[in-house]
Amino acid sequence: MPELPEVEIVVRSLREDVIGRIILDIKNSWPNHLASVDLVEMRKRVIGSEITGINRRGKYIVFDLDSPDTMIIHLKMTGQLLLQPATSAEGDHVHTTFLLSGDDELRFRDVRKFGRVYLTQKPVEILGQLGPEPLSESFTPRLLNEMLLGRRRVLKPLLLDQHFISGIGNIYADESLFHAKLAPNRLSNTISEDESRQLYSSIRKTLQFAVDRGGATISDYRQPDGSEGEMQNSFKVYGKAGDPCRRCDGIIERVILGGRSTFFCASCQI
DNA sequence: ACCGGAGCCTGTTAGC
DNA sequence: TGCTAACAGGCTCCGG
C-alpha cells in the first residue's frame, strides 16, 4: 500500500506527536508481525524506552530509542499506524499495540498481515541494501543516468526495485513514467541522457506533489490521525485503464510487467 | 544478472 | 442473488 509519500506523511505526523514519549507496554496478537525478536524479548528490550527520533528510509519507518535498539516498521500493503487514545475502541485488524506515556496507543493495524516490526542494534543490516532516496540532495540527474546505463533491465520493474531506488512503488512508478513520456517496457540501458533527465524530474515532482497532498488513500492508507490523503484524485494513469489519455488522443492501457499491473499510454509514452 | 512464479494474508470486486 | 476467480499500494525466495 503505502509508498514513499504515504510513509513520509506518517513519519512527519508521528514525529510531531510521539517523540519524547515512553513506551510503557507492548501487545501483540499476530506473532509474525514481530520479525526479529518475539514479544517476550521485545518487551524486555523496549518497555521503558523513550522514542527520541522518527525517520523514514525508503518505505521503512525508523524509531530511534534511548537504548542500543532501533525499532523499524514496514507497513507493506495494508499497514496503518494509528495514534489513538488508549481508552478508545481498538477496532478490527490491530495486531501490535504500543502503549505510550500520555495515555495514547500507537496501533499497528494491518488487514493482510504483511507488515513487520523489526528490533535491531544494527539497523544497517535491514536498511543498508536500499538504493538512494529519490528526494535527497545526493540523488542527481547524473547519478540516475549512470545507474540506468549500468543495468540492462526493463524500466518499470527496475523502478520498483528498492535496491535501485528506494521508496517508489507501483503507483508512483507508473505516474512517473507517464510524466516522463517513457514506455514502461523500455530497457534501462537504452534511455538517452535527455530521457534520463526527464525521468529524474518526473520522479521528483511526482513524489513531492504526492507528499504535498498528504499521500493517496485508495482503501487502507490513513494518516495516523485517521484522515485521508488527496493524491488519489490526481492520478493520470494508475487505475485508469480504458480512459482517454490526459495528454494525447490515446487510451490508457493495462498490462502486466514484473508481475504487477502497469498503466500507461502507448501513444505518447515511447 | 535477470525474470517469472509462488508465497505471505484478507477483503473487495468483477464476472458468470 | 450467489458463488468463484481475480485482484490489491510490497517484498523475498527459488529455480531456470
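These questions and answers walk through a predicted model.

Visitor: Which helix gives the most to the largest nonpolar core?
Guide: That core has 30 residues. Ile61, Phe63, Ile73, Leu81 and Phe98 touch the most other members. Six residues come from the top contributor, helix 1 (residues 4–18).

Visitor: How many residues does the second, separate core have?
Guide: Nonpolar side chains tend to be buried together in soluble globular proteins. Here a second core includes Met147, Phe164, Leu177 and Leu182. Its size is 27 residues.

Visitor: Which residues does isoleucine 61 contact, leaving aside its neighbours within four places in sequence?
Guide: Isoleucine 61 is among the residues that touch the most other members of the largest core. Its contacts include Val7, Val10 and Val11. The others are Ile54, Asn55, Met71, Ile72, Ile73, Leu75 and Leu81.

Visitor: Which strands stand at the edges of the open sheet?
Guide: The sheet has four strands in the order 1-6-7-5, with antiparallel pairing. An edge strand has a single partner, so one of its sides is left without a neighbour in the sheet. The edge strands are strand 1 (23–28) and strand 5 (79–85).

Visitor: What is the average twist from one strand to the next?
Guide: The twist concerns the open sheet with strand order 1-6-7-5. From one strand to the next, it averages 20°.

Visitor: How many bridges pair strand 5 with strand 7?
Guide: Strand 7 covers residues 104–110, and its pairing with strand 5 is antiparallel. One bridge sets proline 85 against aspartate 104 of strand 7. The pairing runs over seven bridges.

Visitor: What angle does helix 1 make with strand 5?
Guide: Helix 1 packs on the sheet. It touches strand 5, strand 6 (94–100) and strand 7. Its direction and that of strand 5 make an angle of about 25°.

Visitor: Is strand 6 largely enclosed or left open by the rest of the structure?
Guide: Strand 6 pairs with strand 1 over five bridges, and isoleucine 26 stands opposite phenylalanine 98 of strand 6. Six bridges join strand 6 to strand 7. Six of the seven residues of strand 6 are buried, so the strand is largely enclosed.

Visitor: Which residue takes a positive phi in the hairpin of strand 6 and strand 7?
Guide: Leucine 100 has aspartate 104 of strand 7 as its bridge partner. Three residues lie between the two strands of the hairpin. The positive phi, near 95°, belongs to glycine 102.

Visitor: Are helix 1 and helix 7 parallel or oblique to each other?
Guide: Helix 7 covers residues 193–212, and its axis is 8 Å from that of helix 1. The crossing is right-handed. Leu4, Pro5, Glu8, Ile9 and Arg12 of helix 1 meet Leu207, Ala210 and Val211 of helix 7. The angle is about 40°, and the two helices are therefore oblique.

Visitor: Is aspartate 174 buried or exposed?
Guide: Aspartate 174 lies in helix 6 (residues 170–179). Its contacts include Lys156, Tyr238 and Phe263. The cut-off for burial is under 20% relative accessible area. At 1%, aspartate 174 counts as buried.

Visitor: What is the C-alpha to C-alpha separation of isoleucine 203 and glycine 167?
Guide: Isoleucine 203 lies in helix 7 and is buried, with 0% relative accessible area. Among its contacts are Pro134, Leu159 and Ile168. Isoleucine 203 and glycine 167 are 36 residues apart in sequence. In space, C-alpha to C-alpha, they are 11 Å apart.

How values were computed
Residues numbered from 1 in each chain as written. Chains lettered and ligands numbered in written order. Predicted model: local features only at pLDDT ≥ 70, side-chain atom pairs only at ≥ 80, totals over all residues. Heavy atoms only, no water. Core = buried A, V, L, I, M, F, W, Y, C linked by side-chain atoms within 4.5 Å. Buried < 20%, exposed > 50% of the residue type's maximum accessible area, 1.4 Å probe, protein only. Contact = heavy atoms within 4.5 Å. Pairing = 2+ DSSP bridges. Axes fitted to C-alpha atoms, helices over the stretch in contact; angles between N-to-C directions. Parallel < 35°, antiparallel > 145°, perpendicular 65-115°, else oblique. Left-handed = near helix turned anticlockwise from the far one by under 90°.
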